[in-house]
Amino acid sequence: RRYLDLDALDLRYFTPGAVVARPDSRSTLADPRRDPASLLDSLRSRELSTVDKLRTLALVQHLLSRREGELFAGPDASIREYLDEWGFDGGFVENFVAPFYGGITLDRSLSTSKHVFEYTFRALARGEIAVPAGGMGAIPEQLAASARRAGVEIRLDDPVETVAGNSETSRVESAGGIVEPDAVVVATDPKAARDLTGVESIPTEGRGCVTQYYRLPRGTNLKVGKKLLLNAADPAPNTVVPLSNVAPEYASPEAELLNATFLGPDALDADAEELFAETRAALSSWFPSRGFGTMDL
């Protein structure tokens, strides 16, 4: 909020909630406070019990009543343990939270910290999800333009060779020369950060994902509006996002744009055509009346 001009980014907004998909079945789940048009569809959904729907509203109110700093205080637990403590049954956890938070934490098993869940769930309940009309690259472009206006020098294509320093001094050596700044922020992947700084405590293991983008003929119209699709039946793909429904600028006039995200090490090693086939099979099972033979990777 402090550094981004949201109006200038010309944001395109998702509709709150999601569509839970499985073969021959799609069910809408949304927050009736913020998306009244989805109230009846959400009430009819069999993916969540009535008790869990009420628990979800209670959880939202609980998190909205807490201050941001409080969310990271106290003992920790996994997301799954946290939801068990709240009394949610397996339907809510497996059909909604696992794929939804699989997309956020890249961990469908829900072993991530409950503090992360509380912070992001509160943010989602308070705010909106959006993408810039000009693509995500518009964000760093805007930040760079603001920095240059403030007198910042930005060097690109100047690989850093070493970073050294202590509490008093800093030194950065690159192909373009040596700089001795007041402070250094090493914003690289963890392995590069450890190599540059020599700080062995930097963790280098992480979770990965693969996201593919697909083109469909204009008029395919999956009728999910501006909501993302959660795969409740299978982790591959974890989610499908109708991007051009949200931001029409992302596709050519004669096409629609989707993306699908796959989690885990198997996805990282998989052939692109193999993942493409899995997405096509999933979409065909969710929308059996539509054909996806003309979908392109």
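This is a short conversation about the aromatic rings, cores and surface of a predicted model.

Visitor: Where should we begin, and what is the overall make-up of helices and strands in the protein?
Guide: Welcome! The protein has 11 helices and 11 strands, and its C-alpha trace spans about 65 × 50 × 40 Å along the principal axes. Of its 297 residues, 39% are buried.

Visitor: How many aromatic pairs does a search of the whole structure find?
Guide: The search finds 10 aromatic pairs. One of them joins Phe96 and Phe100.

Visitor: Why is the pair of Phe96 and Phe100 called stacked?
Guide: Two values decide that. The ring centres lie 5.3 Å apart, and pairing asks for centres within 6.5 Å. The planes meet at 15°, and planes under 30 degrees apart count as stacked. Therefore Phe96 and Phe100 are a pair, and a stacked one.

Visitor: What makes Phe96 and Phe100 about one helical turn apart?
Guide: Both sit in helix α5, which covers residues 90-105, and they are 4 residues apart, so about one helical turn separates them. Both are buried as well.

Visitor: Why is the pair of Tyr101 and Phe117 called tilted?
Guide: Their centres are 4.8 Å apart, which satisfies the limit of 6.5 Å for a pair. Their planes stand at 45°. Stacked needs an angle under 30 degrees and edge-to-face needs one over 60, so this pair counts as tilted.

Visitor: Which parts does the pair of Tyr101 and Phe117 tie together?
Guide: Tyr101 belongs to helix α5 and Phe117 to helix α6 (residues 114-126), so the pair links parts that are 16 residues apart in sequence.

Visitor: How do you know whether Tyr101 and Phe117 are buried or exposed?
Guide: The cut-off for buried is under 20% relative accessible area. Tyr101 has 1% and Phe117 has 0%, so both count as buried. Leaving out residues up to four places away in sequence, Tyr101 touches Ile79, Leu106, Asp107, Leu110, Phe117, Thr120, Phe121 and Leu124.

Visitor: Which residues form one aromatic cluster?
Guide: The cluster consists of Tyr82, Phe88, Phe92, Phe96, Phe100, Tyr101, Phe117 and Phe121.

Visitor: Which residues have the most contacts inside the largest nonpolar core?
Guide: They are Leu83, Phe96, Val97, Tyr101 and Phe117, in a core of 33 residues. The elements giving two or more residues to this core are β2 (18-22), α3, α4, α5, α6, β9 (228-231) and α9 (243-246). Helix α5 gives the most, with 7 residues. Apart from this core lies another of 22 residues, among them Ala267, Leu275, Ala282 and Met295.

Visitor: Why is Ser78 called buried?
Guide: Ser78 has a relative accessible area of 14%, and buried means under 20%, so Ser78 meets the cut-off. Ser78 is placed in the loop between α3 (50-64) and α4 (79-86). Not counting neighbours within four places in sequence, Ser78 is in contact with Leu110, Ser111, Thr112 and Lys114.

Visitor: And what makes Asp195 exposed?
Guide: Here the relative accessible area is 64%, while exposed means over 50%, so Asp195 qualifies. Asp195 lies in helix α8 (residues 190-197). The C-alpha atoms of Asp195 and Leu11 are separated by 38 Å.

Visitor: How many positive and negative side chains does the protein have?
Guide: There are 32 positive and 44 negative side chains, with the centres of the two sets 9 Å apart. The protein exposes about 16800 Å², and carbon and sulfur atoms supply 52% of that area.

Notes: Residues are numbered from 1 along each chain as its sequence is written. This is a predicted model: local features need pLDDT of at least 70, side-chain atom pairs count only at pLDDT 80 or more; totals for chains, interfaces and linings use all residues. Side-chain values use heavy atoms; hydrogens and water are left out. Rings of Phe, Tyr and Trp (its six-membered ring) pair if their centres lie within 6.5 Å; planes under 30 degrees apart count as stacked, over 60 as edge-to-face and the rest as tilted. Buried means under 20% relative accessible area, exposed over 50%, partly exposed in between (1.4 Å probe, protein chains only). Accessible areas come from the Shrake-Rupley method with a 1.4 Å probe; for residues, only the protein chains shown count as cover. Lys and Arg count as positive and Asp and Glu as negative; His and the chain ends are not counted. The place of a charge is taken as NZ of Lys, CZ of Arg, CG of Asp or CD of Glu. Contact means heavy atoms within 4.5 Å. A nonpolar core is a set of buried Ala, Val, Leu, Ile, Met, Phe, Trp, Tyr and Cys residues joined through side-chain atoms within 4.5 Å.
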